[in-house]
Amino acid sequence: MTLPANLCSNPAKRLLFLGSVLLLGCANPGPPRPPSLHLPKIVTDLNAERVGDEVKLHWTTPAKTTDELTIKGATIAEICRTIAPTAHCSLTRRLAVRPGSSETTDLLSPDLVADPQRLIQYQVTLVNDQERSAGLSAPAFAAAGSAPPTVTHIRVRTTAEGALLQWEPRDATDAIELSRLRIDSPVTLASGKQTAAKAANEPAGLHLRARKATSADAPFLQDAGGTLDATARRGVTYTYTAQRVRKVVLGGKALEIRSAPSAPVQVLMRDSFPPRAPSGLETIASAPIGAGPTIDLSWRPNTEVDLAGYIVYRQDLDANGAAIGSAARLTPTPVQEPGFKDASVIPGHIYSYTVTAVDNTGNESSPGAPSREEIHP
């Protein structure tokens, strides 16, 4: 390397220049990092649910180590349990888990499924293949003690208001929770077409707290021996199971003890119930200049979700108001709107009109109140 001429005659500047060149030529690696211990991250969402004689545990197994490296292969989850009033967390289960949703079940011993009620605390530790861990998870809690009895003799039938469920009532201090699973079924519409009976925005699974069977608007009740599921949709098959739910408070924590699920019952919500009869029918006769007479009909709209439309009938009457012959159907296919114009009327005739409602599966309501109209000559 050739030095600039002005540095050759100045030893101090020459040393300073050479030192700066040496510093620029050396990379700065930063502080050294220790090797990774490959410790799985601590579980943060452990949940415990007491069902019958078991406690179901759920958590998410992390995909990363504490130093943000991807975990390769299986990790061992160690479940430990503390029974109040002791403070020792005893190992109850070891199982291999992979990143994502994880679960296991703790079958309680006979002394823990008998009263008195006691607080149970669970924690999970994730250990690597070197038997090392980052520590225990936050605790999840459940209740020891006797569980409510299983719901028995559950049955369900279709009614015009929804699915009516009934069972053998027991202790009135325990609430009832229903689990409903929808099974999509093909149904035949009034048009003759088949379609899958899927309720719009209806989840496949649903949890319902039992209400008094005679009133969908009543507050939640305890075990009343039955309830009405007014949200069940016609043409759909549902499977129901029921559980009794007992509320307890232990160590300042509000917990639930659930019975084992009942035997499932299934119901096809057969649509054999017609819509309500249309109401508020009004008729107005008119005879526009240069055109034949007409009679305009209007009525209040029905609100059924499976409504296909309306059918209009006309009956000829004599001067005394007696029927002449049989009523004629004026709408070969259901009309969609709550109104109709009859342009086939004849001057000098007296007519009586009725309207029915029909749903998607062809169930027709009874006629609404008639309305009479006369076309003057």
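## Close-up views of a predicted model

**View 1. Arg314 and the residues around it.** Let's start with Arg314, which has its place in strand E21, residues 307-317. Keep in mind as you look around that this is a predicted model. With a relative accessibility of 13%, Arg314 counts as buried, because the cut-off for that word is under 20%. Setting aside the neighbours within four places in sequence, you'll find Arg314 in contact with Ala327, Ala328, Leu330, Asp342, Ser344, Val345, Tyr351, Ser352 and Tyr353.

**View 2. Polar partners of Arg314.** Which side chains make polar contacts with the side chain of Arg314? Asp342 is one of them, at 2.8 Å, and Ser344 is another, at 3.0 Å. While you're here, look for Pro370 too: it sits 56 residues from Arg314 along the chain, yet the C-alpha atoms of the two are 9.5 Å apart.

**View 3. Tyrosine pairs.** The structure has 3 aromatic pairs. In one of them, the ring centres of Tyr238 and Tyr240 are 6.2 Å apart and the planes meet at 50°, so this pair is tilted. Tyr238 is buried, at 0% relative accessible area, and Tyr240 is buried with a value of 0% as well. Now move over to Tyr351 and Tyr353: their ring centres are 6.3 Å apart with the planes at 50°, so this pair is tilted too. Are Tyr351 and Tyr353 buried or exposed? Both of them are buried. You've already met these two tyrosines, as both are on the contact list of Arg314.

**View 4. A charge over a ring.** Here you can see Lys253 and Phe141 together. The charged end of Lys253 sits over the Phe141 ring, 4.4 Å from the ring's centre.

**View 5. The largest nonpolar core.** This core has 20 residues, and the ones that touch the most other members are Leu46, Leu57, Trp59, Tyr122 and Val124. Several strands chip in with at least two residues each: E2 (54-61), E3 (75-83), E4 (90-97), E6 (118-127) and E8 (140-144). Which strand gives the most to this core? That's E6, with 4 residues. For a closer look, pick Leu46: beyond its neighbours within four places in sequence, Leu46 is in contact with residues including Leu57, Trp59, Tyr122 and Val124. His58, Gln123, Ser137, Ala138 and Ala140 are also among the contacts of Leu46.

**View 6. A second core.** Separate from that one is a second core, made up of 17 residues. Ile154, Ala163, Leu208 and Val265 are among its members.

Methods
Residues numbered from 1 in each chain as written. Predicted model: local features only at pLDDT ≥ 70, side-chain atom pairs only at ≥ 80, totals over all residues. Heavy atoms only, no water. Buried < 20%, exposed > 50% of the residue type's maximum accessible area, 1.4 Å probe, protein only. Contact = heavy atoms within 4.5 Å. Polar contact = N/O pair within 3.5 Å; in protein donor to acceptor, adjacent residues only side chain to side chain. Phe/Tyr/Trp six-rings, centres within 6.5 Å; stacked < 30°, edge-to-face > 60°. Lys NZ or Arg CZ within 6 Å of the ring centre and 35° of its normal. Core = buried A, V, L, I, M, F, W, Y, C linked by side-chain atoms within 4.5 Å.
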